[in-house]
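Student: I want to check the terms before I trust the picture. Can we go through them one by one?

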Amino acid sequence: MGCWVAGMEASKGKLLFMSTDQPVEAIIHPHILECAPEESLREVARRMSDRRCSSILVVEDGQPVGIWTERDALRLDYASGDTGRRAVGEVMTAPVKTIPGSTPANEVAVHFQEDQVRHYLVVDAAGRPQGVVSQTDVVLNQSIEHYLHLREVGSVMRQHPPRVANDASLSEAVTTLREYGADAVVVGEDADPGILTERDLVRALASESTTATAGELASRPLLAAPVEQSLFHVRNLMVEEAVRHVGVTDDSGRITGLVGFTDILSSVEFVYVRELKSALRERDQALQTSRKNLRMAERIIEASPDGVIITDSETRIQSVNPAFTRLTGYQPEEAIGQTPAMLSSGRHGPEFYREMWRELRERGHWQGEIWNRRKNGEIYPELLTITGIEDDEGVVTNYAAMFSDISRIKENEERIRRLAYYDALTGLPNRRLFDDRLQVAIAQAHRYEHQLALLYVDLDRFKRVNDTLGHAVGDALLLQVADAMRAELREGDSLARLGGDEFVVLLPEIDESRDAVNVARRLVERLGHPFNVDGNELFVTSSVGISLYPLDGDDGEALSRAADNAMYRAKELGRNTYQLYTPEMNAHTFQSLTLENHLRRALEREQFECYYQPLVDAASGELVSAEALLRWHHPDMGLVSPADFIPLAEETGLIGPIGDWVLHHVCQQLRWWQEAGLPVVPVGVNISALQFGRDNPVEPLEAALADSGIDPGLLALELTEGVLMQDTQRSVERLRRIRDMGLGVAVDDFGTGYSSLAYLRRFPITALKVDQSFVKGIAEDPEDAAIVSTVVSLGRSLGLKVVAEGVETPGQLAFLQEEGCHVAQGFHFGYPQPAEAFAADWLVD
Ligand SMILES: Nc1nc2c(ncn2[C@@H]2O[C@H](COP(=O)(O)O[C@H]3[C@@H](O)[C@H](n4cnc5c(=O)[nH]c(N)nc54)O[C@@H]3COP(=O)(O)O)[C@@H](O)[C@H]2O)c(=O)[nH]1
């Protein structure tokens, strides 16, 4: 359509005259001069002269049968005196040429040329005469002034015009006119020239003076204009003086040419017709191009994968393309006549549509995403573009809507979003999303001054599941674990998977730390239950670290670090438990919960449990013994580390009964294992300074051994250097008794105290345990490495077993092996575990 408009614009620019596309009926003379066929020429000529008409329509029985014009007067024989008495029907031009009144006026000029006529009878759609149009009417209706200004009269004049003498007869004059094919002849000499024209012939007929001489009939004086005069000027002269011919003079004033109104019109007409033809040609081409483009556009719309809807200005659907049917399920006949509201999903409120129409009106188009409904009821997202189609006056006549189904794009977006923010296996938020949520939760907590808690959850034996049963089982287990955890949380809580077997829980609003502890306990309990994966009953306990906002940090990083540390501490404590972050906080909580009272009741409430950590042969990795490490299952705080409550127990004197309980319990445990037929190994028991110095563990030790009936060689006591050095003589004596009973004695945390060869020789000890702080520094601190190798060689030279504590890495182990250390203990081999788990992992084949 655009090409068509452009084509017309181009032709408009080129045309000199054509101003409008008005129909010919708009420029005709509505009053038709008519006569009957039998009327005489004299009568007809008189009427034409009176009305200053150049033609007359010959009508018979109400029907036009011919036309007689001034030009036809030239064809008459003026030699006989009775020409005027002839009936017009004998000499008229018949049949009369007609043209529909709706024909564009500017096209009529072309028809004049093609038909070689100068008049048309203009008829209406029913063929009824509306008027007569002459060449002059058509040309004068164009704006020709500009053209007339540009041309000189010399360019259109007839040079050497026909001439006749004054005494020439009318017949001679007409013969000359016919010979020259002219419509006027100069009469007489240059001194007083006259002019005789077609119109003068009609006048002669009308006045019955056809026998008069040319000089008598000629009009005088012959007006003249210089050869370089503009046609505009000459035309005005003719109009002002009511003449149709002007002589053209040369520089000497001699008449060298004749120019008639018809000559001016013909020249105008020539250019006009030429330009008109070219314009019409261009219009045709533009139309053709437009049609071609239209066809192409139709085909494109037909083949378009996007749905297309064309509506009228009232948004009634006028047409749709096949993709519309494919995308919506509606056939064209179901849609046409409806409005696009038929597709409405109900997901957008009135405000949405108001805004859409506002933009459409202001900008002429709207683009956006919208939810629509297919015929089958399915709701889908589409990308929709609506454009208002305006007519030449800028009035919107139609709307074109193009839409595509973007379900797939949306799905992909969602998938990408999920990949970026969600864990692919469990569908839980990943670390990135969790960090965002944590940040928001911290901001909220800050604003409304409440607390929040972060719980880091690590599965304790997940690696073993993966290693032994494969990743598929591991993945299935993680899914079940995620579901189980989710089930333990409230609606506003967030659970995320950080990777591997690590999860994190955000409790965005808590009243007190106890709330977080309760959740942690529930999680630990739930994850302590077996999971059934593919028929395998799997046990994975968990270690949970808790940090609180604002107590443990006021940003996400600090809180995460704290929760991670606490979780690590829970691992150290033997797993399957939870830990609140920092000893300070624990101490604080201890105080608030009157720890002492709780500790006093812990024994009777059976809240203590012994965990066991393996000690292995450093060279072979085989289990050689174990260390019993006490745990306190506090009802609110979870597992409490002995590092936190042993000092209090010592302070309050509770260490005695607690220490006795440990000895007793370990001996019983050894007996149970033996009774269960397990290959037991010696177990080391930590004896605190007060327990050894003040309470004397010998008696309770004897009682424990007696009660259990185990071989005393299965027990070893672990004492620190400091304990031994408190009262060396008494210590030596007590140790001797213990050794005599058959127990092993190990010096714990060796290297941190006196470490003198002298006391080592004095005490009846069996093993040295190199403090873990030196083992930790093996790789980074040459001094630590030197201490470790010195202790190892010292122990060896004294015939003592050397145990390296806190071995966490293969590098540390390699160093110890090279140094000849006998035994190793540390997380690298195993965490402290409850008795059952320890037995399952280490004592069962
Ligand atoms: N009087 C008593 N004291 C006891 C008793 N049970 C334990 N304790 C003493 O409490 C201290 C803390 O013990 P715990 O938190 O159990 O920590 C022990 C291990 O978990 C930890 N360990 C072991 N391997 C590693 C390792 O690779 N890395 C690492 N960071 N820590 C590790 O070391 C602690 C054992 O140390 P030690 O006793 O020196 O061998 C601690 O001093 C206990 O002695 C009790 O019944 N009575």
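Tutor: A molecule sits in a cavity or pocket if more than half of its atoms lie within 2 Å of its grid points. The ligand here sits in the second largest pocket, so it passes that test. The model is predicted: local features need pLDDT of at least 70, side-chain atom pairs need 80 or more, and totals for chains, interfaces and linings use all residues. Numbering runs from 1 along each chain as its sequence is written, and side-chain values use heavy atoms, without hydrogens or water.

Student: Which residues surround the ligand most closely?

Tutor: E627, R631, E805, E808 and F827 are the closest of 28. Each of the 28 counts as near because one of its heavy atoms lies within 4 Å of the ligand. The shell divides into ten nonpolar, seven polar and eleven charged residues. Here Asp, Glu, Lys and Arg are charged, Ala, Val, Leu, Ile, Met, Phe, Trp, Tyr, Cys and Pro are nonpolar, and the others, Gly among them, are polar.

Student: Which element gives the most to the shell?

Tutor: β27, with four residues. The elements that give two or more are α21 (556–572), β27 (623–634), α24 (642–652), β31 (744–750) and α31 (772–776). They are DSSP runs numbered from the N terminus: helices (H or I) have at least four residues, strands (E) at least two.

Student: What makes the pair at F827 a polar contact?

Tutor: The limit is 3.5 Å between N or O atoms. A polar backbone atom of F827 is 2.7 Å from an oxygen atom of the ligand, so the pair qualifies. A side-chain N or O atom of D748 is 3.1 Å from an oxygen atom of the ligand. A backbone N or O atom of L630 lies 3.0 Å from a ligand nitrogen atom. Those two pairs also fall within 3.5 Å, so they qualify too. Taken alone, the ligand exposes 820 Å² (Shrake-Rupley method, 1.4 Å probe), and the protein buries 88% of that.

Student: How many residues line the largest pocket?

Tutor: 50, with S54, E70, T136, R199 and R244 nearest its centre. A pocket is an open set of points on a 1 Å grid over the protein atoms alone, with protein on both sides within 12 Å along at least five of seven lines; lining residues have an atom within 4 Å of a point. The lining divides into 21 nonpolar, 15 polar and 14 charged residues. About 1300 Å³ of space lies in this pocket.

Student: Why is another space called a cavity?

Tutor: Because a 1.4 Å probe fits there but cannot get out. The search finds one cavity of 30 Å³ or more. The largest cavity holds about 70 Å³. Its lining is E70, R118, D183, T197, E198, R199, R244, H245 and T262. That makes no nonpolar, three polar and six charged residues.

Student: Which peptide bond to P550 is cis?

Tutor: The one from Y549, with omega near 5°. P550 lies in the loop between β24 (542–549) and α21. The bond from R220 to P221 is also cis, with omega near -10°. Most peptide bonds are trans.

Note on methods:
Grid points are joined across faces, edges and corners, and a volume is the space filled by probe spheres set on the points. A polar contact is a pair of N or O atoms within 3.5 Å; within protein, one must be able to donate a hydrogen and the other to accept it, and residues adjacent in sequence count only if both atoms are side-chain atoms.
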